[in-house]
Amino acid sequence: NSAVTHFWLGQIHLSRQEKQKAIVSLKTALELDPSFDRARRLLAMLGVTDPSDGAASRKKPQETSQQP
């Protein structure tokens, strides 16, 4: 998986009016390449101020589901 692939997947989701899926793809692009400014700028245009926020929240359900 490359950052560029996830960036363009995010673009496709946006063209289909799938904002949440686009955000996930763009955040993944930034996880793979933190210096990917185009993905960061597009996330900012979508109102995402902290791109790293989603990575932790995606992992949380797995961690909490293992707790008694």
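The exercises below, each with a worked solution, concern a predicted model.

**Exercise 1. Describe the secondary structure of the protein and state what share of its residues is buried.**

Solution. Begin with the inventory of elements: the protein has four helices and zero strands, and along the sequence these follow the pattern α-α-α-α. Turning next to accessibility, of the 68 residues 32% count as buried. Finally, consider the contacts in the protein with a separation of 6 or more, of which 45% are made by residues 24 or more positions apart.

**Exercise 2. Determine which parts of the model carry the highest and the lowest mean confidence.**

Solution. Start from the overall figures, which give an average pLDDT of 82, with 76% of the residues scoring at least 70. Then compare the elements: α1 has the highest mean pLDDT, 97, whereas helix α4 (residues 53-65) has the lowest, 44. Looking along the sequence, one finds that pLDDT stays under 50 over residues 55-66, a stretch for which the model has five contacts beyond four places in sequence. Where pLDDT is low, the predicted coordinates should not be read in detail.

**Exercise 3. Identify the residues of the largest nonpolar core and the helices that supply them.**

Solution. The core has 12 residues in all, namely A3, F7, I23, L26, A29, L30, F36, A39, L42, L43, L46 and V48. Assigning them to elements shows that α1 (3-15), α2 (19-32) and α3 (37-45) each supply at least two, and that α2 gives the largest share of this core, with four residues. One member, L46, can be followed further: leaving aside its neighbours within four places in sequence, L46 is in contact with L14, K19, I23 and L26.

**Exercise 4. Characterise the packing of α2 against α3 in terms of geometry and residue composition.**

Solution. First take the geometry, in which the two helices pack at an angle of about 145 degrees with their axes 9 Å apart, and α2 passes α3 in a left-handed crossing. Next list the participants: I23, L26, K27, A29 and L30 in α2 meet A39, R40, L42 and L43 in α3. Sorting the residues of this contact by type then gives seven nonpolar, no polar and two charged.

**Exercise 5. Locate Q17, and decide whether Q17 is buried or exposed.**

Solution. Q17 lies in the loop between α1 and α2. Its backbone has a positive phi of about 65 degrees, although Q17 is not a glycine. Most residues other than glycine have a negative phi. For the accessibility step, the cut-off for an exposed residue is over 50% relative accessible area; Q17 has 71% and is therefore exposed.

Notes
Residues numbered from 1 in each chain as written. Predicted model: local features only at pLDDT ≥ 70, side-chain atom pairs only at ≥ 80, totals over all residues. Heavy atoms only, no water. Core = buried A, V, L, I, M, F, W, Y, C linked by side-chain atoms within 4.5 Å. Buried < 20%, exposed > 50% of the residue type's maximum accessible area, 1.4 Å probe, protein only. Contact = heavy atoms within 4.5 Å. pLDDT = per-residue confidence, 0-100. Axes fitted to C-alpha atoms, helices over the stretch in contact; angles between N-to-C directions. Left-handed = near helix turned anticlockwise from the far one by under 90°. Nonpolar A, V, L, I, M, F, W, Y, C, P; charged D, E, K, R; others polar.
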